Amino acid sequence: MNSLTALDSVQLNFNAATLTALNVVLAVIMFGVALDLTTRDFRRVVTMPRAFAVGLVAQFVLLPAMTYLLVLALRPPPSVALGLFLVAACPGGTISNFLTAHARGNTALSVSMSAVSSLAAIVMTPLNLSFWSSLYAPTAVLLTDIALNSWRVVAVVLLVLALPLVLGLATRTYLPRFAERLFRPFRLASIACFVGFVALALQANWSIFVAHVADIAILVIAHNLIAFASGYGVATMAGLTAYDRRAVTLELGIQNSGLGLVLVFDFFDGLGGMASFAALWGIWHIVAGLGVAEWWRGRALPTTAA
């Protein structure tokens, strides 16, 4: 991991206009996702409280704690370690809903966890990032130098996650036919825009990314594997059905790295290790998630969904 130390002093190039565009793209994605939500998705939490509680605790407590242990074991450079803590502090990624459905898991549980964790991220993302980073001396020093303003993080999460989520939900509630017509093309177009946006960002900093991609990839794969294993392990120990385990596992393995990138460029000036880790995670977790979902899809659940 020594070759990664160079990333501590590298800043990826994003100007103010590009950063604004990234915020808008992520907000548009969240609005598109919310077009497929209804108040029933939130009420389902009441009908499956144990599975939902297990998933939420795993998301905001277990995954950051396991990330901390991974950082202690591997001792990556500070900026890269901060990238691990950041991704672990983000809510579940919205593609987990599609993957859960493809894996024949509990899609309603997945949607509920994604929606509620996105709202909870207003508080939990800055809290987890500050707390776990402060426990690891190299990142604690880095945070002190940067002087992270948690309230500003809250404001950004509110604008790019919570507000679009509420607006999309309101559109689906009061203009259901319009929302149904808009949902699929809107969601596909917004995700395509985000992928293209990340690709352009990497192209602008291609030499930096290529020089360190192999070492970053090892960390991303290890961290993502721990996320999937944590979700499956805690769901199994909690006695959840296989139907629910698939949802919890995919929810932990798919993190909202788009939010992570927004925070990197908003608050950490494109710090090389953080940005590279979050960007590569955004690519890898889709590949890994599709693999897990496809493997499960070929293994049908019993009629009892146990």
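Mentor: Let's start with handedness: a crossing is left-handed if the near helix is turned anticlockwise from the far one by less than a right angle, and right-handed if clockwise. Before we use that, remember this is a predicted model, where local features need pLDDT of at least 70, side-chain atom pairs count only at pLDDT 80 or more, and totals for chains, interfaces and linings use all residues. Numbering runs from 1 along each chain as its sequence is written, and side-chain values use heavy atoms, with hydrogens and water left out.

Trainee: Okay, what handedness does the crossing of α5 and α11 have?

Mentor: The crossing of α5 and α11 is right-handed. By the definition, that makes the turn from the far helix to the near one clockwise.

Trainee: And what describes two packed helices?

Mentor: The angle between their axes and the distance between the axes. Here α5 (residues 95-102) and α11 (residues 242-253) pack at about 145°, with axes 9 Å apart. The contact (heavy atoms within 4.5 Å) involves S96, N97, L99 and T100 from α5, and R246, A247, L250 and E251 from α11. These contact residues split into three nonpolar, three polar and two charged. For those classes, Ala, Val, Leu, Ile, Met, Phe, Trp, Tyr, Cys and Pro are nonpolar, Asp, Glu, Lys and Arg are charged, and the others, Gly among them, are polar. As for the axes, they are lines fitted to C-alpha atoms, for helices over the stretch in contact, and angles run from 0 to 180 degrees between N-to-C directions.

Trainee: What makes S110 count as buried?

Mentor: Buried means under 20% relative accessible area (exposed is over 50%, partly exposed in between, with a 1.4 Å probe and protein chains only). S110 has 0%, so it is buried. S110 sits in α6 and, not counting residues up to four places away in sequence, touches S96, N97, T100, A247 and E251.

Trainee: Why is N128 called buried too?

Mentor: Its relative accessible area is 6%, so N128 falls under the cut-off. N128 is also in α6 (residues 107-135). Leaving aside neighbours within four places in sequence, N128 contacts F60, P64, A89 and S133.

Trainee: And why is A162 in the buried class?

Mentor: A162, in α8 (residues 150-174), comes out at 4%, so the verdict is buried. A162 touches L119, I122 and V157, again not counting residues up to four places away. The C-alpha atoms of A162 and A27 are 8.8 Å apart, although 135 residues separate them along the chain.

Trainee: How do you know that the length of α3 agrees with its residue count?

Mentor: The expected span is 1.5 Å times one less than the number of residues. For the 26 residues of α3 (residues 49-74) that gives 38 Å, and the end C-alpha atoms are 36 Å apart, so the two agree.

Trainee: Where is α3 kinked?

Mentor: The kink is centred on A58 and comes to about 45°. That bend is the angle between axes fitted to the seven residues ending there and the seven starting there. Past the end of α3, R75 has a positive phi, near 50°.

Trainee: What makes α12 mostly covered?

Mentor: In α12 (residues 257-267), 10 of its 11 residues are buried, among them G258, L261 and F265. Just after α12, D269 takes a positive phi of about 50°.

Trainee: How many helices and strands are there overall?

Mentor: There are 13 helices and zero strands; helices (H or I, at least four residues) and strands (E, at least two) are DSSP runs, numbered from the N terminus.
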